[in-house]
Amino acid sequence: MKQQTFKKEERLRSLKVIEQLFDRNNAANLSVGVYPLRFIYQKNERSGKKMPEILISVSKRNLKKAVIRNLIKRRIRESYRLNKGKYDLKSLSYLAVLFIAKENLSFELIQKSMDKFLNRISKGNSV
RNA sequence: GAAAUAAGUCGUCUUAUCGCUUCGUUCCGGCGAAGAGGAAAGUCCGAACAGCACAGAGCAUCAUGCUACCUAACGGGUAGGGGGAAAGGUUAAAAAACCUUUUUCACAGAAAGUGCCGCAGAAAAUUAUACCGCCAUUAUAUGAUGGUAAGGGUGAAAAGGCGGGGUAAGAGCCCACCGGGUUAAUAGUGAUAUUAAUGAUUGGUAAACCUCAUGAGCUGAAAAACCAAAUAUACCUGCUAUUAAGAAUUGCUCGUUCAAUGCAGGAGGGUAGGUUGCUCAAAAUAUCGGGUAACCGAUAUUGUAGAUAAAUGAUAAGAAUUUCGUUUAACGGAAUACAGAAUUCGGCUUACAGACUUAUUUCUUCU
RNA sequence: GCCUUCGUAGCUCAGUGGUAGAGCACUUCCUUGGUAAGGAAGAGGUCGGCAGUCCGAUUCUGCUCGAAGGCU
């Protein structure tokens, strides 16, 4: 329960890293789709930082209204904040979370998807 | 009491747990305070503010367009004038006229000039070129020549309308009334209205070009300033100390300025973080006063988001409103609109579940 | 945040005030033993939507919906 914070240090803000993360030719980028979310991440060793940096994106193409986009971004962030404390995320350095669905979805669905992904990552790390 | 229309106001609330942003405080563990809208939207107008330019002048371009007022300003608003439409009333045989109410109008100029007006029609615009018709003459029984725009027909629109005189038949050819034009007087700040005189009286279109009047320098906070880091007045090519050519002068021209630490191009390198701008402002609320109103003035109180890939959220419980079912006052289910600040204001436009207030009209019930 | 352009037949596009067109595709017929090509005929449009100007709007004006692109 100590790790339920989400401050500025955990947000991905560097343009260079973002460009690197969305480069399709880069072999270090791994991608997993768990509806309604898609995760793009890197497993590099990180030095000095305690937690991974995360980026959340909701496309304007799929969801026209700003109110709904904001709501979904907040729900994704909330689901990450509540679930990250359960698992060991030492291997994860950068993570981009994309919203794929074309309609508004409830918090429950997003949370399930996030939980599944984090579970898989932490297991991969232990093996 | 219900419905419709118009105008205006509001537009879910409370508690708990875990979080986010800013500010304050701190014994650095924390603690406290504040935290989306009426449209924050569209980006359609107008400003503030900032940078660049600025001796100045002209042209072009764009916008606005009845009058007065409000306003920092406006293409916004208020009031008035005029035109159109609808309803009712009065006069009247009818056409129509007048009055009242409601509603609506991007409402300067077509007598400065140019263009356009398909099809139909004789003719679509410098006193018109005659299809049918009417009249005259002539030959003859239907043609020819001439006159005629009153009637028919065509069309969205036919050279003011209507009645009388007049005439071979007709025509503002002449006259009365009406409409419109011009001039004058009176009323009004003005748009305009009323009255009088005057002359036969020139289709529509300017959301076609255009004319007139008024206004606008250009670019927008990703503007701009400072700090840190990095550094380059590196290098190459061209242009020039005189004329020419060139460059700048932010649409063009004149004019003005420029001589190397300059201008233009090439190739290449670095940074891409922070602070200010940034939220106290043409501020909001209340009361009183002025004004038909938009709005203005005085007094008091309040101190009201400031993020930067971008905070204002998630979960649980309860309440409120609407609706559906069971069934008659409780239970259960569902729903609670439009929509998210990005420098800040004033408007306009568009979206909006539901609730409330006021006014008008209609219907019903009671007195 | 700011700016620009485009919505016309199933698809790609013309048309810029006066009866909405072309190519490909589609349907029917001819041709062939059969198919393709070729020939003949035909169907298919609220000109994105709502208002206004005009006698008349795809065209002009305003609002609105959607799509694409640019500035950085």
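Are F39 and F117 buried or exposed? F39 is buried, and F117 is buried too, where buried stands for under 20% relative accessible area, exposed for over 50%, and partly exposed for anything in between (1.4 Å probe, protein chains only). The model is a predicted one, so to speak of a local feature takes a pLDDT of at least 70, and side-chain atom pairs count only at pLDDT 80 or more, while totals for chains, interfaces and linings use all residues. Residues are numbered from 1 along each chain as its sequence is written, chains are lettered from A and ligands numbered from 1 in the order in which they are written, and side-chain values use heavy atoms, with hydrogens and water left out.

Now for the overall layout. Chain A holds three helices and four strands; these are DSSP runs numbered from the N terminus, with H or I over at least four residues for a helix and E over at least two for a strand. Walking along the sequence, the pattern reads α-β-β-β-α-β-α. Of the 127 residues in chain A, 37% count as buried. Take the contacts in chain A with a separation of 6 or more (a contact being heavy atoms within 4.5 Å): 77% of them come from residues 24 or more positions apart.

Next comes the sheet. It is open, built from four strands in the order β1-β2-β4-β3, with mixed pairing; two strands pair if DSSP finds at least two bridges between them. At the edges stand β1 (29-34) and β3, each with a single partner strand, so one side of each has no neighbour in the sheet. On average, neighbouring strands are turned by 15° against each other, direction ignored. Axes here are lines fitted to C-alpha atoms (for helices, over the stretch in contact), and angles run from 0 to 180 degrees between N-to-C directions. Strand β2 (residues 37-42) and strand β4 (residues 94-99) run antiparallel to each other, joined over six bridges. In this pairing, Y41 sits opposite L95 in β4. Helix α2 packs on the sheet and touches β2, β3 and β4, its direction making about 150° with that of β3.

What about α2 itself? This helix has 18 residues and reaches 26 Å from its first C-alpha to its last, close to the 26 Å expected at 1.5 Å a residue, a span worked out as 1.5 Å times one less than the number of residues. Its buried residues are R69, I72, I76, S79, Y80 and N83. Seen down the axis, they fall within an arc of 100°, so they line one face of the helix; the arc is that of the directions from the helix axis to the C-beta atoms. R69 has a relative accessible area of 16%, and its contacts include V58, S59 and K60, leaving aside residues up to four places away in sequence. K60 lies in the loop between β3 (53-58) and α2 (66-83) and counts as exposed, at 58% relative accessibility.

Back to the aromatic rings. The whole structure yields two aromatic pairs, meaning rings of Phe, Tyr and Trp (its six-membered ring) with centres within 6.5 Å; planes under 30 degrees apart count as stacked, over 60 as edge-to-face, and the rest as tilted. F39 and F117 are stacked, at 3.9 Å centre to centre and 0° between the planes. This pair links strand β2 with helix α3 (residues 107-126), across 78 residues. Y41 and F117 have ring centres 5.5 Å apart and planes at 65°, so their pair is edge-to-face. Together, F39, Y41 and F117 make up one aromatic cluster.
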